[in-house]
Amino acid sequence: MPHANLTFSRLMVDCEGVSMDTQVEKERGDEEKEGGKSASILSPQLKAMIRIKKKYLKKSNSVRLAHNTNSVVSDGSLHPKSPQTRKSKRRKSRVLFPNDTLICKPKKECSRANPFLLLFSLIVFIQVYNAIENLDDHVLKYDLEGLERSLHREVFGQPEALEELMDHLNDYLSTYAHQKPLALSLHGACGVGKSHLGRLLARHFRSVVEDKLVVHYLSKHHCPLQDAARHCASKLAQRISEVVARAEEEEQIPFFILDDVELMPPPLLDILQTFLQTNQTNEFLNVVYVFLSSLVQREITAHVLQNSSTAGAHKPLRQALSLIHPLWTEPAVELIPLSLLEREHIIQCFLEEMTLEGFYPDLSNVERLADELAYHTAAGRQYAKTGCKQVVGKVNLL
């Protein structure tokens, strides 16, 4: 009966997971009660398993004891690498805020940089808008749109030259501070409207700025004698200095329109070249010069007859003008060639002049008068050799 109890107990240990050591002690107790008469019923395999488990438990207990010992330093403090120390360090690195403090998390809708970004964008927009408005106001002061309409209405056959002229004026007059003066040098053959264009420019700018800030200089009138060239040059220099000083006081840009430049002696051209230098005071950099001449008219005529346009004529014209005087080598000088007038433009000149003189503009009579002029023929087009120069004389004969 004791053997049956032992067998039943062993089965209960295996099923319920009871400790092997407890079972062994129980067996020993039973054997002692029987007086040691019976031998141990444990098999050698079970005994080996019990010994292996004891060694494993002993080794595990020693490793756990060594780990706990290393976590404590000799002075009683925790080891720096122990889990408790790392956990405490993580706790200490946290920043604590008072309960009544509003903590703003770095979210997109709560970022403090957004208001400053919006404010900066608004400031930049206002500054750019004000700059554009100031530029528009500066251009509107000179009424360049009205000037352009007037030129296209009264100057015939020069759409390319007028467009180039207005582009330079718009760019230069859009601001008051400049690095160099603007010198527009218009060249064309006889009768293409150079002097008429100069009168229109002088009349317009005198109407938008003070009359004293616009100088219309005619070489035939202001310096008729070649012997007095140096005296004319000194008077022109003095006039330019006075007008520029007055314009600086009134914060405006003066205009100098010089006609018949081909008749100017070298001293006058030398004086004009000194005023086109960039190493001058600021008031002499805010000036507009308009030169009107028939220089290099042969080159312009040959180019127009060959190409039916003035496009591409700037480079050869500048080379030809640089041989006449170094004035046209200055960076401030912008060349604008005027084209030849065709037969239809001559008819417009006759109609305009007859209307001004009070004649009825009979088209058949106008065409008859236009046929009396001499023309160049190229690429199926007729270009007047003298332009509208003879129109006034023929109308006066009516």
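## Salt bridges

Let's start with a charged pair: Arg-206 and Asp-211 form a salt bridge, and their closest N and O atoms are 3.2 Å apart. Arg-206 itself is partly exposed, at a relative accessible area of 37%. Keep in mind that this is a predicted model. In total, the structure holds 7 salt bridges. The general idea is simple: side chains of opposite charge can pair when their charged atoms come close.

Glu-372 is a good residue to look at next. Its side chain meets that of Arg-368 in a salt bridge of 3.2 Å, N to O, and Glu-372 also forms a salt bridge with Lys-394, where the closest N and O atoms are 2.9 Å apart. That second pair links distant parts of the chain: Glu-372 sits in the loop between helix 15 (363-371) and strand 6, while Lys-394 belongs to helix 16 (residues 391-396), 22 residues apart. How buried or exposed are the partners? Glu-372 is partly exposed at 44% relative accessibility, and Arg-368 is partly exposed too, with 42%. Lys-394, on the other hand, has a relative accessible area of 19%, so it counts as buried. Elsewhere, Arg-153, Glu-154 and Arg-203 are joined into one network by salt bridges that share partners.

## A buried charge with no salt bridge

Now for Asp-259, which lies in strand 3. This residue is buried yet has no salt bridge. The nearest side chain of opposite charge is Arg-199, and that is 5.9 Å away. A salt bridge needs the nitrogen and oxygen within 4 Å, so Arg-199 at 5.9 Å doesn't make one with Asp-259.

What does Asp-259 touch instead? Leaving out residues up to four places away in sequence, its contacts are Ser-195, His-216, Tyr-217, Leu-218, Ser-219 and Leu-292.

## Aromatic pairs

Turning to the rings, the structure holds 5 aromatic pairs. One of them is Phe-256 with Tyr-289, a stacked pair at 5.4 Å centre to centre and 20° between the planes. This pair also links distant parts of the chain, with Phe-256 in strand 3 (residues 255-259) and Tyr-289 in strand 4 (residues 288-293), 33 residues apart. Both Phe-256 and Tyr-289 are buried.

There's a cluster to find as well: Tyr-142, Phe-205 and Phe-255 form one aromatic cluster.

## Strands 1 and 5

Strand 1 (residues 182-187) pairs with strand 5 in the parallel sense, over 5 bridges. To see one bridge up close, go to Ala-183, whose bridge partner in strand 5 is Val-333. Strand 5 (residues 333-337) has 4 of its 5 residues buried, so it is largely enclosed by the rest of the structure.

## Tyr-375 and its surroundings

Tyr-375 is found in strand 6 (residues 375-378). Its relative accessibility is 15%, so Tyr-375 counts as buried. Setting aside neighbours within four places in sequence, Tyr-375 is in contact with Arg-343, Ile-346, Ala-370, Gln-382, Tyr-383, Ala-384 and Lys-385. With Ala-370 there's a polar detail too: the backbone oxygen of Ala-370 lies 2.6 Å from a polar atom of the Tyr-375 side chain.

Glu-342 is 33 residues from Tyr-375 along the chain, yet their C-alpha atoms are separated by 8.4 Å.

## Asp-270

Last stop: Asp-270, in helix 11 (residues 266-275). Asp-270 is partly exposed, with a relative accessible area of 37%. Which side chain does its own side chain meet in a polar contact? The partner is His-325, at 2.6 Å. As for position in space, Asp-270 and Ala-233 are 37 residues apart in sequence and 8.4 Å apart, C-alpha to C-alpha.

Key: Residues are numbered from 1 along each chain as its sequence is written. This is a predicted model: local features need pLDDT of at least 70, side-chain atom pairs count only at pLDDT 80 or more; totals for chains, interfaces and linings use all residues. Side-chain values use heavy atoms; hydrogens and water are left out. Helices (H or I, at least four residues) and strands (E, at least two) are DSSP runs, numbered from the N terminus. Buried means under 20% relative accessible area, exposed over 50%, partly exposed in between (1.4 Å probe, protein chains only). A polar contact is a pair of N or O atoms within 3.5 Å; within protein, one must be able to donate a hydrogen and the other to accept it, and residues adjacent in sequence count only if both atoms are side-chain atoms. Rings of Phe, Tyr and Trp (its six-membered ring) pair if their centres lie within 6.5 Å; planes under 30 degrees apart count as stacked, over 60 as edge-to-face and the rest as tilted. Two strands pair if DSSP finds at least two bridges between them. Lys and Arg count as positive and Asp and Glu as negative; His and the chain ends are not counted. Contact means heavy atoms within 4.5 Å.
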